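Visitor: I am new to protein structures and would love some help reading one. Could you choose a single part, look at it closely with me, and then show me how it sits in its surroundings?

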Amino acid sequence: KKTVKKYLLGFGMPLRSTDQHHQLANKFGYRVVDGRLEDHEVEREAVAIIMGLRREGISVRSIVKILNTTGVKTKKLNSRWHIKTVFSLLKRNNACK
């Protein structure tokens, strides 16, 4: 990280301040509002549905099929759900086994 930072500064590239919420801002279920990290209500409802399906023993592949066929929106709205996305979401919410 230090080497990358050094080169970016050497080329005059601006760096993001460390107080900005950038890691979770792109993650499903969160958004940045007025510089603060907040839950995205609609996306958090979808997370709850995904977590519930997983608790019922439904496979990640089946959850992806359910999300895509029922039209649950992704972060990019026009995109489709993928296994890696759902797996990462479950892992982040400690529901992956």
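Guide: Let's begin with a word we will need: a residue is called buried when its relative accessible area is under 20%, and exposed when that value is over 50%. Please also keep in mind that this is a predicted model.

Before choosing our part, here is the overall layout. The protein has four helices and two strands, and from the N terminus on they follow one another as α-β-β-α-α-α. Of its 97 residues, 23% count as buried. The accessible surface comes to about 7700 Å², with 53% of it belonging to carbon and sulfur atoms. Among contacts with a separation of 6 or more, 36% are between residues 24 or more positions apart.

Helix α1 makes a good starting contrast: it is hardly covered, and the count of buried residues among its nine residues is zero. After α1 comes G12, with a positive phi near 75°.

Now for the part I would like to show you closely, helix α3, which spans residues 60-70. Here V60, I63, V64, L67 and N68 are buried. Viewed down the axis of α3, these buried residues fall within an arc of 130°, so they line one face of the helix. Turn to the face pointing away from that buried side, and you find the exposed residues R61, K65, T69 and T70. So what does the buried side of α3 pack against? Its partners are α2 (41-55) and α4 (83-92). Just past the end of α3 sits G71, whose phi is positive, near 85°.

Let's zoom in on one residue of that buried face, I63. Leaving out residues up to four places away in sequence, I63 touches I50, L53, R54, I58 and V86. I63 also belongs to the largest nonpolar core, a group of 14 residues. The residues with the most contacts inside this core are F28, I50, I63, L67, W81, V86 and L90. Helices α2, α3 and α4 each supply at least two residues of the core, and α2 gives the most, with five.

Two names in that list, F28 and W81, deserve a second look. How is a pair of aromatic rings described? One gives the distance of the centres and the angle of the planes. In this protein the count comes to one aromatic pair. The ring centres of F28 and W81 are 5.1 Å apart and their planes meet at 75°; planes over 60 degrees apart count as edge-to-face, so this pair is edge-to-face. The two residues come from distant parts of the chain, 53 residues apart: F28 is in the loop between α1 (2-10) and β1 (30-33), while W81 is in the loop between α3 and α4. Are they buried or exposed? F28 has a relative accessible area of 8%, so it is buried, and W81, at 3%, is buried as well.

F28 leads us on to a residue of helix α2, E43. With residues up to four places away in sequence set aside, E43 touches K27, F28, G29, Y30 and K75. Its relative accessible area is 8%, so E43 is buried too.

Beyond F28 the chain reaches the strands. β1 and β2 (residues 36-39) run antiparallel and are joined by four bridges. V33 stands opposite R36 in β2. The hairpin has two residues between the strands, and D34 takes a positive phi near 50° there.

To finish, let's return to α3 and its exposed face, where we met R61. The C-alpha atoms of R61 and K84 are 9.5 Å apart, although the two residues are 23 apart in sequence. K84 has its place in helix α4, and at 67% relative accessibility it counts as exposed.

After α4 comes the segment that holds N93. Leaving aside neighbours within four places in sequence, N93 is in contact with R44, V47 and M51. From N93 to V47 the separation is 46 residues in sequence and 8.9 Å in space, C-alpha to C-alpha.

If you rotate the model once more, look for the two sides of α3: the buried residues packing against α2 and α4, and the exposed ones on the face turned away.

Technical notes. Residues numbered from 1 in each chain as written. Predicted model: local features only at pLDDT ≥ 70, side-chain atom pairs only at ≥ 80, totals over all residues. Heavy atoms only, no water. Buried < 20%, exposed > 50% of the residue type's maximum accessible area, 1.4 Å probe, protein only. Arc of directions from axis to C-beta. Contact = heavy atoms within 4.5 Å. Core = buried A, V, L, I, M, F, W, Y, C linked by side-chain atoms within 4.5 Å. Phe/Tyr/Trp six-rings, centres within 6.5 Å; stacked < 30°, edge-to-face > 60°. Pairing = 2+ DSSP bridges. Areas by Shrake-Rupley, 256 points an atom, 1.4 Å probe, with all protein chains shown as cover.
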